[in-house]
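Hi everyone, thanks for coming. Let's put the structure up on the screen and walk through it together.

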Amino acid sequence: MITLNKLEIGQPAVIETVGGEGEIRLHLLGMGLIPGAGVKVVDRAPSGDPIQLEVSGYALSLRKADAAAIKVRKVDGMPEQAADNNVGYNAYLHDHNAHPGLGEGGKYHSRDHANPLPKDARLNLALAGQQNCGKTTLFNVLTGSNQHVGNFPGVTVEGKEGVIKGHPESTITDLPGIYSLSPHTAEELVSREFILAPDTRGLINIVDAGNIERHLYLTLQLMELNVPMVLALNMMDELRGNGGSIRINEMERILGIPVVGISAAGQEGIEELVEHALHVARYREGPARQDFCDKDDHGGAVHRCLHSVMHLIEDHAAAAKLPVRFAATKLIEGDPWVENALQLHTAEKENIERLIAAMEQERGLDRAAAIADMRYSFIRKLCAQTVVKPRESREYLRSRRIDRILTGKWTAFPIFAAIMALIIWLTIDVIGAPLQELLGNGISALGALAGGWMESLDVSPAVQSLVVDAIFGGVGSVVSFVPVIILLFFFLSMLEDSGYMARVAYFTDSFLRKIGLSGRSIVPLLIGLGCSVPGVMAARTLPSAYDRRRTILLTPFMSCSAKLPIYAFLSSAFFPGHGGLVLVCLYLFAILAGIIVALVGRLLHRGNGAAPFVLELPNYRLPQMRNVLHLLSDKTVDFLKRAFTVIFLATLVIWCLQTFDWRLNMVSDTSDSMLAGVAGCIAPLFTPLGLGDWRVVTALISGFLAKESVVSTMELLGVTASLTVLTAIPLLVFCLLYTPCVAAIAAVRRELGAHWAGFMIVFQCVVAWVAALVVYWIAGLLI
Amino acid sequence: MNTASLVILALVLLGAILALVKIRTDRRKRRSCCNGCAMRDCCAAERRGSGRCP
């Protein structure tokens, strides 16, 4: 017996034990890594960590440290799961849960037995499923909505609500992807609370028909919640294309819930799904089966334990308004939330512990593994009777072939660097710059036109300045960045939609973990190269609050594209002919500073909130242009909305400070303005950096509004005349690292709260000041 | 200050007020009951008054 991390590539093995504890262990069990399951290492990241596994026909990446907790036994071939066929027929279920087919609504509901909701009752449905199974695609089809769909697990980070097309009485909520109902993550806890809420009338559980065994693990837990539900088998077209099939009627009969085969992307079976979902919700048809344990399985240890616990807690579960089967299973798994909700007496807790201990001894597995095994045993038996397995899917084989190059030991990082360089080059130079210039010129022309028109109307100079300088100059300069932002998002969403982002997270995890981040952090950090605002927002896909916070705080170290004009301006003035070198040095310096800060942060606060890196690697797919275009329109609207709210207001404030003196008289020389007064107070702080001129400070203050305005302010105030090569260097470094713009700070505030946003302003300024001072000293010695 | 100046100034101020209202409305919508929780915009359960934020 060896540990999984030491298994050779391609060697099949059977899992003997799953060690470890807490969240990671429950997560591994939930992902199908249970004792008895077949597993194979199919690849390793270039640095050897994490490793890529094949479990139940899908690819999963896992860190070596986590894999070391799993003991496996080598075997000659991947084991076929033996399954007896005794879960299938249940005459009672069949006779009492006959569900009307399509067009047969009401057939089985005589007036004596039906218990429908009042006709005017609102039908609130929840859409639940594991990550990357097509929930958001289905949500969009059901509601006609345009939510972003990605080929990266965890795209849905907000619960979205919508009305099902043609059914105004219904509401459907797209819940985040979850692997189980155990409280590993906030999403899982929130999702189950949402489903259990009294006004949630029904549930659509969407599963990937091609990976049905793992997806049914969540289904069984959802059924235990005793909420009316429908099972939607998504991607049936792909399954059929690969020679597979599912006996839907048989599965429906065994599970006791309506089962509908659909293709969300192909819009197949949607009408039938909606009809079933509304029917079960309206007639309050809960799942007819919630008992998945088998009295003949390993002597029935789990079965007897579960039913004993159910009897013991029946009254507590009723008082806590929790389904008793769900409460008993979660109690055995050790769910603290359920334990608190049940308010058990000490004696009852002791009794339950004794029952569990006896079960563990008899079954030979610990509590969590025993429950996971019970569920997977049922699933295997169910699939043995109802699923004609497809041959290894074309999509999977194609992905494996592509991965040999894109995640290969020697090719992964060079290809990644080349792709990113190409994206930045295309975004900023080839396509973005001309478009930005065009838009900028258009806005300037409009400003000039408005200025001329106001001049002809003899409008007061102050009002003219307000419109031309503040609105067209300030807001307009930010709006002119729309093409760059759109292009960057276009390329990044293409990468995400194709499934490549998940691979990047996979092969950079090893490096990022050393500085206290997760592989998933790479996505927000890369987006931060374009603009910190979407970079900060993209951190939502990180599963733990700890990783999310660290990633957001490090995003400003990825120099955003709005700072490029500053570098270009100062380089051309002080380092003519060496602009490219200056740019590369600055980017590398920022990344180095970020790494140092991350390492220091890790030493100061080691935190235990880092989430385990268990990432499903989706098959490569061709990006759907419809999705990409939806994302682009969303981002554009979002960006413009911000430009005309936060940035507009901030521009007005800066303009007032810049245009008037303390007695509110309009100034002819900016050095008399309130802004100059404020900047003059702060200027001494910059004297050690050689930047004690109030005009430099004013330019830096204006950069808080938008980085682009640093250049315009410097030009307006004639800053370059007061600078030398020696002082330009610390100024470049300070601009590189100091506080992000107000839009980015607003995004941080939204994601982490006001105190973290405030912390970021101060922290970035301190880091920038220290770095600029060090660089100034070094430059002083060399020049 | 002539009428044209006053009208333009009034329009800019109106825009500023609308921007402020929009910012406040958005903020209220996503009242941060669930800082640190991945379901942004205030978790749906909390918003519907049927659950609590973890």
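Of the 54 residues in chain B, 20% count as buried. That chain has two helices and zero strands. Please keep in mind that what you see is a predicted model.

Now over to chain A, and a strand to look for there. Is β10(A), residues 202-208, mostly covered or mostly open? Mostly covered: seven of its seven residues are buried. Gly202(A), Ile204(A), Ile206(A) and Asp208(A) point one way from the strand, while Leu203(A), Asn205(A) and Val207(A) point the other way, and every one of them is buried.

Who are the neighbours of this strand? A quick reminder first: strands of a sheet pair through backbone hydrogen bonds, and they can do so in a parallel or an antiparallel way. Strand β7(A), residues 123-129, pairs with β10(A) in the parallel sense, over five bridges. If you want a spot to zoom in on, Ala126(A) stands opposite Leu203(A) of β10(A). Strand β11(A), residues 229-234, also runs parallel to β10(A), and six bridges join the two. There, Val207(A) has Leu233(A) in β11(A) as its bridge partner. To get from β10(A) to β11(A), the chain passes through helix α6(A), residues 212-224, and this β-α-β crossover is right-handed.

Next, a sheet with another kind of pairing. Seven strands of chain A form an open sheet in the order β1-β6-β2-β3-β4-β5-β15, and the pairing is antiparallel. Why do β1(A) and β15(A) each have one side without a neighbour in the sheet? They stand at the edges with a single partner strand each, so one side of each is left free of a neighbour. Inside that order, β4(A), residues 51-55, and β5(A), residues 58-62, run antiparallel and are joined by five bridges. Glu54(A) stands opposite Ala59(A) in β5(A). Have a look at the loop between β3(A) and β4(A) too, where Pro50(A) is found. The peptide bond from Asp49(A) to Pro50(A) is cis, with omega near 0°.

Let's turn to helices. All nine of the nine residues of α4(A), residues 135-143, are buried, so this helix is largely enclosed by the rest of the structure. Among the buried residues are Lys135(A), Phe139(A) and Leu142(A). Right after α4(A) comes Gly144(A), with a positive phi near 75°.

Here is a helix pair: α10(A), residues 301-319, packs with α13(A), residues 346-363, at an angle of about 170°, their axes 9 Å apart. That angle makes the two helices roughly antiparallel. The residues that meet include Cys305(A) and Leu312(A) in α10(A), and Ile352(A) and Met359(A) in α13(A). Sorted by class, this contact has nine nonpolar, two polar and three charged residues.

Finally, some loop residues. Gln267(A) is not a glycine, but its phi is positive, near 55°. This residue sits in the loop between β13(A) and α9(A), and it counts as exposed because it has 12 C-beta neighbours inside 10 Å. Arg284(A), in the loop between α9(A) and α10(A), has a positive phi near 50°. With 14 C-beta neighbours inside 10 Å, Arg284(A) counts as partly exposed. Last comes Arg663(A), in the loop between α26(A) and α27(A). It has 6 C-beta neighbours inside 10 Å and so counts as exposed. Thanks for listening!

Terms used:
Residues numbered from 1 in each chain as written. Chains lettered and ligands numbered in written order. Predicted model: local features only at pLDDT ≥ 70, side-chain atom pairs only at ≥ 80, totals over all residues. Helix = DSSP H or I, 4+ residues; strand = E, 2+ residues; numbered from the N terminus. Pairing = 2+ DSSP bridges. Right-handed = clockwise from strand over helix to strand, strands pointing away. Axes fitted to C-alpha atoms, helices over the stretch in contact; angles between N-to-C directions. Parallel < 35°, antiparallel > 145°, perpendicular 65-115°, else oblique. Contact = placed C-beta atoms within 7 Å. Nonpolar A, V, L, I, M, F, W, Y, C, P; charged D, E, K, R; others polar.
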